[in-house]
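Reader: I have not looked at this structure before. Could we go through it in questions and answers?

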Amino acid sequence: MKKFVETAGFIVFVQGAAGLLYEWTGWFRLWAVVARLPVLDDHGLFAGIVLVVTGGAVMIAADSIRT
């Protein structure tokens with residue numbers, strides 16, 4: 001279970017980083033889910049920051065899971 005939570009946190013973190021890179025440079029549209037969602041057109045930067053912070057928090061919280 002711990003590995004699953006760490007992997008999920010890493011995926012969320014990478015999606016946030018790709019979203020931020022897309023907002024700043026225009027690259028990584030293929031990887032960034034944030035760039036593909038029409039709901040987040042005007043809020044891509046904020047969504048990327050939230051995903052990076054959430055992914056980091058989930059990876060840190062995975063350490064508290066007992067195996």
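Author: A definition comes before the charges: Lys and Arg count as positive and Asp and Glu as negative, while His and the chain ends are not counted. The model discussed here is predicted.

Reader: How far apart are the mean positions of the positive and negative charges of the protein?

Author: By that definition the protein has 5 positive and 5 negative charges. The mean position of each set is taken, and the distance between the two means is 12 Å.

Reader: Which secondary structure elements does the protein have, and in what order do they run?

Author: The protein has 0 strands, and its helices number 3. Read from the N terminus, the order is therefore α-α-α, with helices taken as DSSP runs of at least four residues.

Reader: What does the C-alpha trace of the protein span along its principal axes?

Author: The chain behind this trace has 67 residues. Along the principal axes, the C-alpha trace spans about 40 × 20 × 20 Å.

Reader: What percentage of the residues count as buried?

Author: The protein exposes about 4,900 Å², and carbon and sulfur atoms supply 71% of that area. A residue counts as buried under 20% relative accessible area. Of the 67 residues, the share that meets this cut-off is 24%.

Reader: What span is expected for helix H1 at 1.5 Å a residue?

Author: Helix H1 covers residues 2-25, which is 24 residues. From its first C-alpha to its last it reaches 34 Å. That is close to the expected span, which is 34 Å.

Reader: Which helices do the buried residues of H1 pack against?

Author: The buried residues of H1 are Val5, Gly9, Gln15, Gly16, Ala18, Gly19 and Leu20. Just after H1, Gly26 takes a positive phi of about 90 degrees. The buried residues of H1 pack against helix H2 (33-36) and helix H3 (44-61).

Reader: How far is the backbone nitrogen of Val33 from a polar atom of the Gln15 side chain?

Author: Gln15 is in helix H1. Beyond four places in sequence, Gln15 touches Trp31, Ala32, Val33 and Leu51. For Val33, the distance from its backbone nitrogen to a polar atom of the Gln15 side chain is 2.9 Å.

Reader: Is Ala18 buried or exposed?

Author: Ala18 is found in helix H1, and outside its neighbours within four places it is in contact with Phe28, Trp31 and Ala32. Its C-alpha is 9.1 Å from that of Leu30, 12 residues apart along the chain. Because its relative accessible area is 5%, Ala18 is buried.

Reader: What is the relative accessible area of Ala32?

Author: Ala32 is placed in the loop between H1 and H2. Not counting residues up to four places away, Ala32 touches Gln15, Ala18, Gly19 and Tyr22. Ala32 is buried, and its relative accessible area is 0%.

Reader: Which residues is Val34 in contact with, leaving aside its neighbours within four places in sequence?

Author: Val34 lies in helix H2, and it is buried because its relative accessible area is 6%. The C-alpha atoms of Val34 and Ser64, 30 residues apart in sequence, are 29 Å apart in space. The contacts of Val34 beyond four places are Gly19, Leu40, Gly44, Ala47 and Leu51.

Reader: What percentage of the contacts in the protein with a separation of 6 or more comes from residues 24 or more positions apart?

Author: A contact here means heavy atoms within 4.5 Å. Among contacts with a separation of 6 or more, residues 24 or more positions apart account for 55%.

Note on methods: Residues are numbered from 1 along each chain as its sequence is written. This is a predicted model: local features need pLDDT of at least 70, side-chain atom pairs count only at pLDDT 80 or more; totals for chains, interfaces and linings use all residues. Side-chain values use heavy atoms; hydrogens and water are left out. Helices (H or I, at least four residues) and strands (E, at least two) are DSSP runs, numbered from the N terminus. Buried means under 20% relative accessible area, exposed over 50%, partly exposed in between (1.4 Å probe, protein chains only). Accessible areas come from the Shrake-Rupley method with a 1.4 Å probe; for residues, only the protein chains shown count as cover. The place of a charge is taken as NZ of Lys, CZ of Arg, CG of Asp or CD of Glu. The expected span of a helix is 1.5 Å times one less than its number of residues. A polar contact is a pair of N or O atoms within 3.5 Å; within protein, one must be able to donate a hydrogen and the other to accept it, and residues adjacent in sequence count only if both atoms are side-chain atoms.
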